[in-house]
Amino acid sequence: MNTPADEYDWPTCAACSRPLWENELGRRACRMCQRRADHDLEALAGPRGLYAALDSALAPGAGSGEARVSGSRSAPLPLRLEPLSLSARGGVVTVLQTWLVDWHDQLQWAHPRWQGDLQQQLDQVVQALRTNLDWAASQHPAFSDFAVEIAALVRSCLRQVTGEKPERRISVECPCGGVLRVTISTPGARCVGCGTQYARADVLELPLATRGMAA
Ligand SMILES: [Zn+2]
Ligand SMILES: [Zn+2]
């Protein structure tokens with residue numbers, strides 16, 4: 001098969017750098033990245049979503065795999081800070097609302113309004129973002145930043161809720177000698193040495209770096 005990429009610069013997805021399918025031409029991001037962002041948003045919302053689950057992760061010792069101490073005579077530990085900073089104003093809800101305000105600006109719509117408590121606002125903003133996700137993935141100049149930020153929010157929440165450690169980073173080496181630090185779930189990465197933009201599958205095929213391995 002003739003690879004169009006050999007002949008001229010075939011448009012790529014702004015989020016994962018994969019060449020766009022023919023029926024995706026004209027879009028900024030591929031449909032796979034749009035679906036991934038949609039799943040991330042969906043995972044945050046609702047009574048069984050990750051945001052709601054942060055509440056139970058707020059208790060000291062929760063989510064970290066430590067046994068809960070019951071009937072302890074020592075003073076209660078303070079609330080764990082990280083889940084609180086995710087669930088409080090300024091956390092997940094605010095990050096999502098900031099994006100929605102930006103989307104409304106781009107679309108020249110009136111400023112969105114927030115109603116109810118933080119969980120209700122979270123559900124509303126997620127619904128609004130999902131409703132307009134196809135537009136954003138097709139046309140928003142910063143869709144890639146949005147997708148990265150949403151994925152990071154989901155990972156942070158998951159870490160709090162399940163007590164998972166942050167994903168391990170590995171160092172791989174670009175043919176130019178540059179070292180890229182990536183995680184297994186990276187959407188793609190750019191080598192700072194030579195500027196090559198790697199799609200996820202390609203960056204994971206690079207050899208492990210022999211230097212810069214310190215975690
Ligand atoms: Zn993509
Ligand atoms: Zn390079």
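## Exercises on a predicted helical model

Helix H8 holds 20 residues and spans 28 Å from its first C-alpha to its last, close to the 28 Å expected at 1.5 Å a residue. Keep in mind as you work that this is a predicted model.

**Exercise 1. Find which residues of H8 are buried, and what follows the helix.**

Step 1. Start at the front of the helix: Phe 143, Ser 144, Phe 146 and Ala 147 are among the buried residues of H8.

Step 2. Carry on along the helix, and the buried set also includes Ile 150, Leu 153, Val 154, Cys 157, Gln 160 and Val 161.

Step 3. Now step off the end: Gly 163 follows H8, and its phi is positive, near 75 degrees.

**Exercise 2. Work out which residues touch the most other members of the largest nonpolar core, and which element gives the most to it.**

Step 1. This core has 36 residues, and Leu 44, Val 92 and Cys 157 touch the most other members.

Step 2. Two or more residues come from each of helix H2 (31-44), helix H3 (50-57), helix H5 (92-107), helix H6 (118-131), helix H7 (133-139) and helix H8 (143-162).

Step 3. Among the contributors, H8 gives the most, with eight residues.

Step 4. Take Val 92 and leave aside its neighbours within four places in sequence: its contacts are Leu 44, Tyr 51, Leu 86, Ser 87, Leu 122, Leu 153 and Cys 157.

Step 5. There is also a second, separate core of eight residues, including Val 172, Cys 174, Leu 180 and Leu 206.

**Exercise 3. Describe how H5 and H6 cross, and list the residues that meet there.**

Step 1. Look at the axes: those of H5 and H6 come within 9 Å and cross at roughly 35 degrees.

Step 2. For the hand, H5 passes H6 in a left-handed crossing.

Step 3. On the H5 side, the residues that meet H6 are Val 92, Val 93, Leu 96, Gln 97, Trp 99 and Leu 100.

Step 4. Their partners in H6 are Leu 118, Gln 121, Leu 122, Val 125, Val 126, Ala 128 and Leu 129.

**Exercise 4. Decide whether Ser 17 and Gln 108 are buried or exposed.**

Step 1. Place Ser 17 in the loop between helix H1 (4-7) and H2. Ser 17 is not a glycine, yet its phi is positive, about 70 degrees.

Step 2. Count its neighbours: Ser 17 has 21 other C-beta atoms within 10 Å, so it is buried.

Step 3. Turn to Gln 108, in the loop between H5 and H6. Gln 108 also is not a glycine and has a positive phi, of about 55 degrees.

Step 4. Gln 108 is exposed because it has 6 other C-beta atoms within 10 Å.

**Exercise 5. Classify Leu 58 by its C-beta neighbours, and find how far its C-alpha lies from that of Leu 84.**

Step 1. Leu 58 sits in the loop between H3 and helix H4 (81-87).

Step 2. It has 17 C-beta neighbours inside 10 Å, so Leu 58 counts as partly exposed.

Step 3. Leu 58 and Leu 84 are 26 residues apart along the chain, and 6.5 Å separates their C-alpha atoms.

**Exercise 6. Judge the predictor's confidence along the chain, then take in the whole fold.**

Step 1. The mean pLDDT of the protein chain is 85, with 82% of its residues at 70 or more.

Step 2. Residues 64-72 have a pLDDT below 50, and this stretch has six contacts in the model beyond near neighbours in sequence.

Step 3. The chain has nine helices and four strands, running α-α-α-α-α-α-α-α-β-β-β-β-α from the N terminus.

Step 4. Of its 215 residues, 28% count as buried.

Note on methods: Residues are numbered from 1 along each chain as its sequence is written. Chains are lettered from A and ligands numbered from 1 in the order in which they are written. This is a predicted model: local features need pLDDT of at least 70, side-chain atom pairs count only at pLDDT 80 or more; totals for chains, interfaces and linings use all residues. A nonpolar core is a set of buried Ala, Val, Leu, Ile, Met, Phe, Trp, Tyr and Cys residues joined through C-beta atoms within 7 Å. A residue is buried if 20 or more other C-beta atoms lie within 10 Å of its own, exposed if 12 or fewer, and partly exposed in between; C-beta atoms are placed from the backbone. Two residues are in contact if their C-beta atoms, placed from the backbone, lie within 7 Å. The expected span of a helix is 1.5 Å times one less than its number of residues. pLDDT is the predictor's confidence in each residue, from 0 to 100. Axes are lines fitted to C-alpha atoms, for helices over the stretch in contact, and angles run from 0 to 180 degrees between N-to-C directions. A crossing is left-handed if the near helix is turned anticlockwise from the far one by less than a right angle, and right-handed if clockwise.
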